[in-house]
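Opening the notebook on a new model today. I want to go through its contacts, ring pairs and burial, one entry at a time.

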Amino acid sequence: MEPENESVPEDAGNQLMLRVERPVYDERFLRTKLLHRKEDNTTFCQRLADRFRCSSVRVKAAALSFLPILTWLPSYPVKQYLFSDVISGLSTGVVQLPQGLAYALLAAVPPVYGLYSSFYPVLLYTLFGTSRHVSIGTFAVVSLMIGGVAVREVPEKSFVLPINGSNSSLVLNEEALNARRVQVAVVLTTMVGIIQFVFGLLRFGFVQIYLTEPLVRGFTTAAALHVVISQLKYLLGVKTQRFSGPLSAIYSVKAVFSKVALTNVPSLLLGLVSTVFLYGIKVLNERFKKKLPVPIPGEIIVVIVSTGASYGLLLSEKYNVDIVGEIPTGLRAPTVPDFSLVPNLIPDAFAVAIVGFSMTISLAKTFALKHGYSVDGNQELIALGLCNFMSSFFHSFAITSSMSRSLVQESTGGKTQIAGLLSSLIVLLVVLAIGFVFQPLPQTALAAIITVNLVGMFKQFRDIPSLWRTSKIELIENTHHDDVCY
């Protein structure tokens, strides 16, 4: 409408006037224009053939979707990104190495298998993953779940042998025990990979929206408590049976304290010193993260110093301090898992698959939002499935992303998964050439590394007051998972 001049005040010339014209839409217009659909005269067979018709455009789109590395590697800005990725990869690698050794203890397998799990999956995720900042590899919660299954399926009592035919003197056949538990962990990992891959193909990435934050945080907090309890025997240097199933935490604490009088003092002192040192480094890294070019690598410092002390002071020979022991040099040939174990592991495989995916997608979305790119939940499922399935043939156990390593990779300037690739090469160097150097590493130092890395999860207990004020249902959901996670 045109403004009427006679109705405008005299001072209107000093005002800025704006005229907005909007068309009026009626129901007839919407029905004929916006909701109009062209008639489709094609038959079902024609539509089906068109759906599966192969063309260069479709092949390219499928390749870029299945191999996300092809979308960014050809245009990788070497001058801007390479130096940052190298620094980030080296920093992440020196953290990934001790964590791989440590989390193998949680998975109830020899430490070298933690190194395998820190190499193969990381290499594969570089090709198939959509996140540029998550660090794939061993993780405490998933490792604990695997260890619980391995201990349940392969109890120690099945490998206790009499000496010289006398039942009065018994000895544990550790070599056979470890070999069988490795088989269980590998088969479980194969199943986890298949489940995640199939879920990805079926576009089940949307399930992550139903994994509420209180549920995930409650589960990881409860698991962290069980992890710390499982490490008490290593910190004290006592040997106890490992328990699984309901009330396993209570049984573990009871077993440890029943042998507290047998505490190995050198192990306890070394573990306490390592714990205090690592916690101090963690506080310093957090307080001065804006001033430090890279975080102080507390874990690798503890590994080097404790290994040197163990070797120089002969802690294993003189003081019976438990050490990592033999680390075979080189990669092992691929083998086919023992699928006869599958029927007993199906529920556990689904649980590990869902927990592993929920941890990865939550971290991936956090970093993607911060740095302005997108991640695909379905492709992440496919990537994790391929990482677990293919790596299981090379003696790896199930993996997911690690919060502590991902923060290191991101905070040290990592731009792409080239940083993750470089971190895996550091692990490969240790496996191929210098693994023997870490054989005198005390297990109590690894227990300290595990314990301190879970400090952040225990801070999630602060959620309880806020959940109480906002939603009693979410609070009950949170504490319920704290009670039943074994």
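**Entry 1: salt bridges.** I call it a salt bridge when a side-chain nitrogen of Lys or Arg is within 4 Å of a carboxyl oxygen of Asp or Glu. I keep in mind that this is a predicted model. With that cut-off, Glu286 and Lys289 qualify, because their closest N and O atoms are 3.4 Å apart. I checked the surroundings too, and both Glu286 and Lys289 are exposed. By this rule I get a count of seven salt bridges.

Which side chain does Arg180 meet in a salt bridge? I looked it up, and the partner is Asp338, at 3.4 Å from N to O. This pair links distant parts of the chain: Arg180 sits in helix H9, while Asp338 is in the loop between helix H14 (315–319) and helix H15 (346–371), 158 residues apart. Arg180 is partly exposed at 29% relative accessibility, and Asp338 is partly exposed at 25%.

Next I went to Lys239, whose side chain meets that of Asp322 in a salt bridge of 3.2 Å, N to O. That one also links distant parts of the chain, with Lys239 in the loop between H10 and H11 and Asp322 in the loop between H14 and H15, 83 residues apart. Lys239 counts as exposed at 59%, whereas Asp322 is partly exposed at 24%.

I also noted a network of salt bridges that links Arg152, Glu153 and Asp348.

**Entry 2: aromatic pairs.** How many aromatic pairs does the structure hold? I find nine. One of them is Phe66 with Phe128, an edge-to-face pair with 5.3 Å centre to centre and 65° between the planes. Phe66 lies in helix H3 (residues 56–66) and Phe128 in helix H7 (residues 120–128), so this pair ties together parts that are 62 residues apart in sequence. The burial of the two rings came next: Phe66 is partly exposed at 35%, and Phe128 is buried at 8%.

Then I pulled up Phe199 and Phe204. Their ring centres are 5.1 Å apart and their planes are at 40°, so I log the pair as tilted. Phe199 is partly exposed at 21% relative accessibility, and Phe204 is partly exposed at 31%.

Two more ring notes. Trp72, Tyr76 and Tyr81 form one aromatic cluster. The charged end of Arg132 sits over the ring of Tyr373, 4.4 Å from the ring centre.

**Entry 3: back to Phe204.** I placed Phe204 in the loop between helix H9 (174–201) and helix H10 (213–236). Phe204 turned up again when I looked at the surface: together with Ile194, Val198, Leu202 and Phe206, it makes a nonpolar patch of about 420 Å².

**Entry 4: helix H7.** Having met Phe128 in H7, I went through the rest of that helix. Is H7 largely enclosed or open? Seven of its nine residues are buried, so H7 is largely enclosed by the rest of the structure. The buried ones are Tyr120, Pro121, Val122, Leu124, Tyr125, Thr126 and Phe128.

**Entry 5: helix H11.** I wanted to see how burial is spread around this helix. In H11 (residues 248–258), the buried residues are Ser248, Ala249, Ser252, Ala255 and Val256. Why do I put them on the same side of H11? They cover an arc of only 130° around the axis, which places them there together. On the other side of H11, I find Ile250, Lys254, Phe257 and Ser258 exposed.

**Entry 6: Ala102.** Last lookup for today. Ala102 is in helix H5 (residues 78–106). Is Ala102 buried or exposed? Its relative accessibility is 0%, so I count Ala102 as buried. I also took the C-alpha to C-alpha separation from Ala102 to Thr138, which is 9.2 Å in space for 36 residues in sequence.

Terms used
Residues numbered from 1 in each chain as written. Predicted model: local features only at pLDDT ≥ 70, side-chain atom pairs only at ≥ 80, totals over all residues. Heavy atoms only, no water. Phe/Tyr/Trp six-rings, centres within 6.5 Å; stacked < 30°, edge-to-face > 60°. Helix = DSSP H or I, 4+ residues; strand = E, 2+ residues; numbered from the N terminus. Buried < 20%, exposed > 50% of the residue type's maximum accessible area, 1.4 Å probe, protein only. Lys NZ or Arg CZ within 6 Å of the ring centre and 35° of its normal. Arc of directions from axis to C-beta. Patch = residues over 30% accessible without salt bridge, like charges linked within 9 Å, V, L, I, M, F, W, Y side chains within 5 Å. Areas by Shrake-Rupley, 256 points an atom, 1.4 Å probe, with all protein chains shown as cover.
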